[in-house]
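Me: Please take a close look at one part of this structure, a single loop position of your choosing, and then work outwards from there. I should like a connected account of the surroundings, with the reasoning set out where it matters.

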Amino acid sequence: MAKQALSSLSILLVVLFYCITTTAQPAAAPAKPADSPALPANPPAQPASPPAQPALPPVQPAAKAPAPAQPALVPVQTGATDVTKILEKAHGYSVFVRLLKSTGVAKHLYGQLNNSNNGFTIFAPTDSAFSNLKAGTINSLSDLQKTQLLQFHILNTVVTLSNFQTLSNPVPTEAGDAGAFPLNITTAGNQVNISTGLVNATLGNTVYSDDQLVIYQVTKVLLPLDIFNPKPKKVAAALAPVVAPTSSKPKPTKEDAPVTPSEAAKVDAAAAVSLTRHGVLESIGVAVVAFFVIKRP
């Protein structure tokens with residue numbers, strides 16, 4: 001009986017242990033939801049990395065794709081287009097403005113821009129560009145040369161920054177013959193280089209731009225060869241018409257000299273005396289002949 005009681009007790013203990021363990025398992029199950037709430041702690045870390053991506057778009061504007069389309073220093077004019085007023089608003093071009101007015105080039109541009117469809121591109125030297133010239137350079141020029149110097153800075157067409165590479169050298173200017181006033185323009189990327197044979201300059205900021213007029217800044221005065229370094233043959237050709245007539249003109253002779261009234265009177269008197277003498281001699285001869293005829297038997 002005791003053994004049966006022990007076996008029954010052991011079986012009972014086993015049953016109780018099994019019941020305790022099975023009833024304890026549901027208590028462990030809620031631990032899983034405790035892990036799942038921990039998961040949201042990681043997801044916030046994931047959104048933290050994507051915000052780093054928006055830092056890339058600011059790099060794209062750094063490429064400066066619209067760089068060639070620089071804003072002009074002076075806004076588009078609402079009334080009549082006046083080159084001198086535009087440059088006065090831009091500041092730093094007082095010498096160029098004064099020359100435009102004194103030579104009449106400003107008046108010509110005003111008439112063309114407001115009364116026709118003609119377009120122009122102007123290279124405007126700054127005041128510092130003129131101050132870098134040798135003292136007396138501009139004052140030593142004649143009025144015609146000053147006009148040609150300003151016209152050398154003007155193209156008779158509108159040229160945008162993207163169109164400079166399409167120009168053919170030498171580029172014609174308002175100064176006239178491209179052979180006498182050669183202007184060569186080359187490009188390297190967004191840089192525009194200008195050469196006159198005496199000066200090499202780089203195109204600067206856009207001062208003004210519309211459909212009919214573009215003004216660019218240049219930090220050097222564009223000196224043309226024909227004015228500041230003329231060819232010797234042209235000097236000789238200019239002097240030839242003056243020297244040739246003096247060397248070929250024959251010297252006047254006494255026969256070609258004009259007869260004065262007193263000299264003409266002397267000539268007339270001498271002719272009268274000779275005629276009188278001739279008449280006397282003729283009368284004497286007639287008398288002698290008659291004498292011999294009468295005396296003849």
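Reply: The place to begin is Pro71, which sits in the loop between helix H3 (45-48) and helix H4 (83-90). The model is a predicted one. Is Pro71 buried or exposed? Its relative accessible area is 69%, and because anything over 50% counts as exposed, Pro71 falls in the exposed class. The chain brings a distant partner to this loop: the C-alpha atoms of Pro71 and Val207 are separated by 8.5 Å, although the two residues are 136 residues apart along the chain.

Following the chain onwards from this loop leads to helix H4. Glu88 lies in helix H4 and Lys101 in helix H5, so their pairing ties together parts that are 13 residues apart in sequence. The side chains of these two residues, Lys101 and Glu88, meet in a salt bridge with an N to O distance of 3.2 Å. A search of the whole structure finds one salt bridge. Glu88 has a relative accessibility of 39% and is therefore classed as partly exposed.

Helix H5 also has an inward face. Its buried residues are Val95, Phe96, Val97, Leu99 and Leu100. Among the elements that cover them are H4, H6, E1, H8 and helix H7 (127-131). After H5 comes Gly104, whose phi is positive, near 85 degrees.

Helix H8 (residues 143-151) may be described in the same manner. Lys146, Thr147, Gln148, Leu149 and Leu150 are its buried residues. They pack against helix H5 (94-103), helix H6 (105-115), strand E2 (154-155) and helix H9 (225-228).

The sheet comes next. Six strands form an open sheet with mixed pairing, in the order E2-E1-E6-E5-E4-E3. E2 and strand E3 (184-188) are the edge strands, each pairing on one side only. Strand E1 (residues 120-125) and strand E6 (residues 213-218) run parallel and are joined by six bridges. Within this pairing, Pro125 has Val218 in E6 as its bridge partner.

The nonpolar interior draws on several of these regions. In soluble globular proteins, nonpolar side chains tend to be buried together. Here the largest nonpolar core has 53 residues, and the members that touch the most others are Val83, Leu87, Phe123, Leu213 and Ile215. What does Leu213 contact once its neighbours within four places in sequence are left aside? The partners of Leu213 are Thr81, Val83, Ile86, Leu113, Phe120, Ile122, Val158 and Tyr208.

Aromatic residues complete the picture. The structure holds three aromatic pairs. One of them joins Phe152 and Phe181, with 6.2 Å centre to centre and 50 degrees between the planes, a tilted arrangement. Phe152 lies in the loop between H8 and E2 and Phe181 in the loop between E2 and E3, so this pair ties together parts that are 29 residues apart in sequence. Both rings belong to buried residues: Phe152 has a relative accessible area of 0%, and Phe181 has one of 5%. Elsewhere, ring pairs link Phe123, Phe164 and Tyr216 into a cluster. Phe123 thus appears twice in this account, as a member of that cluster and among the residues with the most contacts to other members of the largest nonpolar core.

Technical notes: Residues numbered from 1 in each chain as written. Predicted model: local features only at pLDDT ≥ 70, side-chain atom pairs only at ≥ 80, totals over all residues. Heavy atoms only, no water. Buried < 20%, exposed > 50% of the residue type's maximum accessible area, 1.4 Å probe, protein only. Helix = DSSP H or I, 4+ residues; strand = E, 2+ residues; numbered from the N terminus. Contact = heavy atoms within 4.5 Å. Pairing = 2+ DSSP bridges. Core = buried A, V, L, I, M, F, W, Y, C linked by side-chain atoms within 4.5 Å. Phe/Tyr/Trp six-rings, centres within 6.5 Å; stacked < 30°, edge-to-face > 60°. Salt bridge = Lys/Arg side-chain N within 4 Å of Asp/Glu carboxyl O.
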